[in-house]
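Subject: Structure for you, with notes

Hello,

Here is the structure I promised to send. My notes follow below it.

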Amino acid sequence: MREAAPVFHDEQSGSWHVFRYDDVQQVLSDHARFSSRLGGNDPSETGQLFASSLITTDPPRHRQLRSLVTQAFTPKAVDALAPRISQLTEELLDGIASRGTADLIQELAYPLPVIVISELLGIPAQDRDLFKQWSDVIVSQTRTGTTNENHYLTNKEMTEYFLDLIEQRRHQPGQDLISNLQSAEIDGQKLSVAELLGFCALLLVAGNETTTNLIGNAVLCFTEVPGTIDRLLTEQSLLPQAIEEVLRFRSPVQSMYRVTVADTTLGEVQIPAGAPLVAWIGSANRDERQFQRPTQFDIDRSQIRHLAFGHGIHFCLGAPLAKLEAKIALEATLSRLPGLTLAPGAHLERMESTIIYGLKTLPA
Ligand code: HEM
């Protein structure tokens with residue numbers, strides 16, 4: 001598509017699809033032309049939970065909302081979480097190392113980010129499984145873009161759960177993000193309930209599946225290319241660069257949505273106002289105009305300017321956290337599971353989603 005139809009109009013759905021690196025970067029970052037406001041008005045849509053969240057808001061409200069949470073996600077704040085992330089990783093690996101075989105998604109890549117984001121949000125430990133189930137239903141919704149009864153119930157349950165938690169934190173504030181957000185003010189005004197819910201839902205989904213898939217995709221890439229694990233064990237400083245290459249090569253978030261604010265032109269193509277647009281991050285990250293040998297996974301690639309975390313004002317807030325979790329988890333996995341390989345004949349099934357790229361299981 002990058003060659004034949006870099007900006008493609010799908011007449012059936014009415015959406016416009018953008019495939020080249022430069023165009024995707026422009027769509028993601030030029031918020032004056034490409035709005036992030038989507039939100040249908042049907043409360044049965046999961047989109048409704050996100051309707052007042054950072055990711056679906058344009059400036060100036062976006063800047064105000066983002067400023068409330070940036071402090072919690074700066075590289076410095078995130079580095080302070082390293083000892084806890086290491087401890088959790090070691091605990092999860094204890095069981096795996098003693099057995100010698102495992103499903104690395106279910107037993108490591110899946111629980112680690114859930115526990116970390118739950119602790120940040122102040123979710124009681126006993127509720128974490130529920131939290132993960134909701135997140136999975138929301139991701140499954142991205143497969144079709146439609147809602148069914150399961151999605152509707154999930155939205156309802158999630159909304160009720162978070163309303164309850166927000167109320168509890170109002171009476172008994174703690175050191176967690178929900179407590180901070182419920183007491184935060186912008187120009188003397190507290191956040192609306194919809195905005196508070198938007199934050200909870202967004203951090204829940206954004207902090208979960210994406211990081212799980214980064215870790216899972218990394219294990220897949222490292223075991224697929226012979227010699228990679230040995231290099232990473234002998235040259236440990238290569239790991240951060242190798243993780244960037246995983247983000248480029250198998251981007252956990254494949255696409256993001258925007259809507260045109262007015263009639264506009266992208267490349268040579270004219271697009272009307274109000275048109276829904278899909279920016280294909282996964283395609284941009286393999287654009288031969290930007291990367292040499294783009295279909296090759298190469299840990300020696302340096303200064304990789306991938307778009308896996310987006311670009312511009314909506315650049316992923318959780319990028320430092322995701323990279324830290326991946327680095328700690330992968331470092332420990334490679335050293336504690338020597339000779340790591342995928343189970344012979346393992347059936348690797350991809351998640352069914354057009355937005356999220358990752359594996360359902362990873363038997364090793
Ligand atoms: C935004 C990817 C992990 C929180 C984004 C965007 C992308 C992305 C592509 C841009 C959305 C847009 O332009 O519309 C990823 C990937 C991750 C990851 C690939 C893991 C490998 C996380 C984590 C958190 C997080 C761990 C939080 C704990 C957010 C938030 C936004 C965001 C709050 C919205 C920022 C805004 O609109 O200003 N992420 N993400 N992400 N991400 Fe992540």
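The ligand is surrounded by 27 residues, and those that come nearest are His62, Arg66, Arg258, His314 and Cys316. Bear in mind that this is a predicted model.

Start with the iron. The iron atom of the ligand has a single donor from the protein, the SG atom of Cys316. The distance is 2.3 Å. Cys316 sits in the loop that runs between helix 14 (281–284) and helix 15.

Next, the oxygen atoms of the ligand. A polar side-chain atom of Arg66 is 2.7 Å from one ligand oxygen. Arg258 also takes part: an N or O atom of its side chain lies 2.8 Å from an oxygen atom of the ligand. Leu54 uses its backbone instead, with an N or O atom 3.5 Å from a ligand oxygen.

Which elements supply at least two residues each to the shell around the ligand? They are helix 3 (61–69), helix 11 (193–224), strand 6 (255–260) and helix 15 (319–336). Helix 11 has the largest share, with six residues. By type, the shell holds 18 nonpolar residues, seven polar ones and two charged ones.

Now the interior. The largest nonpolar core has 82 residues. Within this core, Leu104, Phe131, Phe162, Phe222 and Leu330 touch the most other members. Helix 11 appears here too, giving the most to this core with 16 residues. A second core is separate and has 22 residues, among them Leu28, Ile271, Ile304 and Met351.

Phe162 is worth displaying with its contacts. Setting aside residues up to four places away in sequence, Phe162 touches Ile123, Phe131, Ile178, Leu197, Cys200, Ala201 and Leu204.

One charged residue to look at is Glu195. Glu195 is placed in helix 11. Is Glu195 buried or exposed? Its relative accessible area is 10%, and the limit for buried is under 20%, so Glu195 counts as buried. Beyond its neighbours within four places in sequence, Glu195 is in contact with Ser52, Arg61 and Leu65.

To recap helix 11: it gives six residues to the ligand shell, 16 to the largest nonpolar core, and it holds Glu195.

Best wishes

How values were computed
Residues are numbered from 1 along each chain as its sequence is written. This is a predicted model: local features need pLDDT of at least 70, side-chain atom pairs count only at pLDDT 80 or more; totals for chains, interfaces and linings use all residues. Side-chain values use heavy atoms; hydrogens and water are left out. A residue is near a molecule or strand if one of its heavy atoms lies within 4 Å of it. A polar contact is a pair of N or O atoms within 3.5 Å; within protein, one must be able to donate a hydrogen and the other to accept it, and residues adjacent in sequence count only if both atoms are side-chain atoms. Helices (H or I, at least four residues) and strands (E, at least two) are DSSP runs, numbered from the N terminus. Ala, Val, Leu, Ile, Met, Phe, Trp, Tyr, Cys and Pro count as nonpolar, Asp, Glu, Lys and Arg as charged, and the others, Gly among them, as polar. A nonpolar core is a set of buried Ala, Val, Leu, Ile, Met, Phe, Trp, Tyr and Cys residues joined through side-chain atoms within 4.5 Å. Buried means under 20% relative accessible area, exposed over 50%, partly exposed in between (1.4 Å probe, protein chains only). Contact means heavy atoms within 4.5 Å. Donors are N, O and S atoms within 2.8 Å of the metal (3.2 Å for Na, K and Ca); water is not among the atoms, so sites may look incomplete.
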